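Me: Please take a close look at the second largest pocket in this model and at the elements around it. I should like one connected account.

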Amino acid sequence: MVRKPMALANWKMAMTIAESWEWVRDFRAAAGDLLNEIDVVVCPPYTALWAVIQALGDSPIQVGGQNIAPTAELSRTGEISAALLADVGCQRVMLGHWEVRRYLHDDDETVNRKVHLALEAGLSPILLVGEGRDDPPSIETALEKRLEAVLAGCTAEQVMGMAFIYEPEAAIGATKPVTPDHVAAGSGFIRKWVQDHWGANVANSIRIIYGGSVAPEYAHDLLSCPDVDGLGAGRRGRDPESFTEIVRQIVRVKSE
Ligand code: PEP
């Protein structure tokens, strides 16, 4: 099965409105027709969502939130619900990012609650899974436990619409990504685990991308892993030139 490749830019707590507008203008101009061949998802901070969505107009670039509250209750000062992200125009939401786990103390059960809230609101989850610094050394053991917990109660149809980012905690904000062999082991395990639980059709449909210190110079080798359908970038995702180069390489390698 041919999967459409995917690229994601996670801006984290960066990018003013003016910088976001500039990014949209420069990235769209640089990416041009590449946008027909890949799903690009940009995840701005909450304050820039509306501006980015307005600036994108009818562009195929999709917009995702970076997180949601673990409840639909309205009395949650300082938080954002799945329904509010859907209302502003997001199609997707990132769930389970290591920084949310680290600083906001989300555990696997909280991520699972958020997965169901996102689905109920019509948002498509982009699920970040990877081994953490405190996990046992086996990638497979860590991923198995995490996948089991964060996807509890999901149907085959729901999983089929999700995307996954394989992101080992130690690779975030580091100087370079983990090795292609490491990425192949992690992404391969995720696809196999999904196949064992929901069958080959679901496993072959989901996009799995790698995230963690991605930069254009590493893209080709990371993309050589057959189970990797694209890349996610934090720091390089804020720079339209670097991100366009990452997108270009994804399209090139995945159409070979
Ligand atoms: C991230 O945290 O999702 C990420 C990939 O960040 P960076 O590319 O800056 O390591």
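Reply: In describing a lining, Ala, Val, Leu, Ile, Met, Phe, Trp, Tyr, Cys and Pro count as nonpolar, Asp, Glu, Lys and Arg as charged, and the others, Gly among them, as polar. By this division, the lining of the second largest pocket holds 11 nonpolar, nine polar and seven charged residues.

The model is a predicted one, in which local features need pLDDT of at least 70 and side-chain atom pairs count only at pLDDT 80 or more, while totals for chains, interfaces and linings use all residues. Residues are numbered from 1 along each chain as its sequence is written, and side-chain values use heavy atoms, with hydrogens and water left out.

A pocket here is an open set of points on a 1 Å grid over the protein atoms alone where a 1.4 Å probe fits, with protein on both sides within 12 Å along at least five of seven lines; its lining residues have an atom within 4 Å of a point. Points are joined across faces, edges and corners, and the volume is the space filled by probe spheres set on them. The second largest pocket has a volume of about 320 Å³. Its lining comprises 27 residues, and those nearest the centre are Gly173, Ser213, Val214, Gly234 and Arg235. Two or more lining residues come from each of β1 (6–10), α4 and β8 (230–233). Such elements are DSSP runs numbered from the N terminus: helices are H or I with at least four residues, strands E with at least two.

Ser213, one of the residues nearest the centre of this pocket, deserves attention for its backbone. Its phi is near 60°, a positive value in a residue other than glycine. Most residues other than glycine have a negative phi. Ser213 belongs to the loop between β7 (207–211) and α10 (216–223), and its relative accessibility of 10% makes it buried (buried is under 20% relative accessible area, exposed over 50% and partly exposed in between, with a 1.4 Å probe and protein chains only).

β1, one of the elements contributing to the lining of the second largest pocket, is itself largely enclosed by the rest of the structure, because five of its five residues are buried. In a regular strand the side chains alternate between the two faces of the sheet. On one side of β1 are Met6, Leu8 and Asn10, on the other Ala7 and Ala9, and all of these are buried. β1 pairs with strand β2 (residues 39–43) in the parallel sense over five bridges (strands pair when DSSP finds at least two bridges between them). Within this pairing, Leu8 faces Val41 of β2.

The loop that joins β1 to α1 contains Met15. Met15 also has a positive phi, near 85°, although it is not glycine. With a relative accessible area of 14%, Met15 is buried.

Helix α4 (residues 98–104) connects the account to the other pocket: it gives the largest share of the lining of the largest pocket, four residues. The largest pocket encloses about 540 Å³. Among its 22 lining residues, Tyr46, Gln66, Asn67, Val100 and Leu104 are the closest to the centre. This lining comprises 12 nonpolar, five polar and five charged residues.

Further strands complete the picture. Strand β5 (residues 124–129) is mostly covered, with six of its six residues buried. Ser124, Ile126 and Leu128 lie on one of its faces and Pro125, Leu127 and Val129 on the other, and all are buried. Strand β4 (residues 92–95) pairs with β5 in the parallel sense over four bridges, and Leu95 has Leu127 as its bridge partner in β5. β5 also pairs with β6, again in the parallel sense and over four bridges; there Val129 stands opposite Tyr166.

Just before β6, the loop between α7 (156–160) and β6 (163–166) carries Met162. Met162 is buried, its relative accessible area being 2%. Measuring C-alpha to C-alpha, Met162 and Asp229 lie 13 Å apart in space, although 67 residues separate them in sequence.
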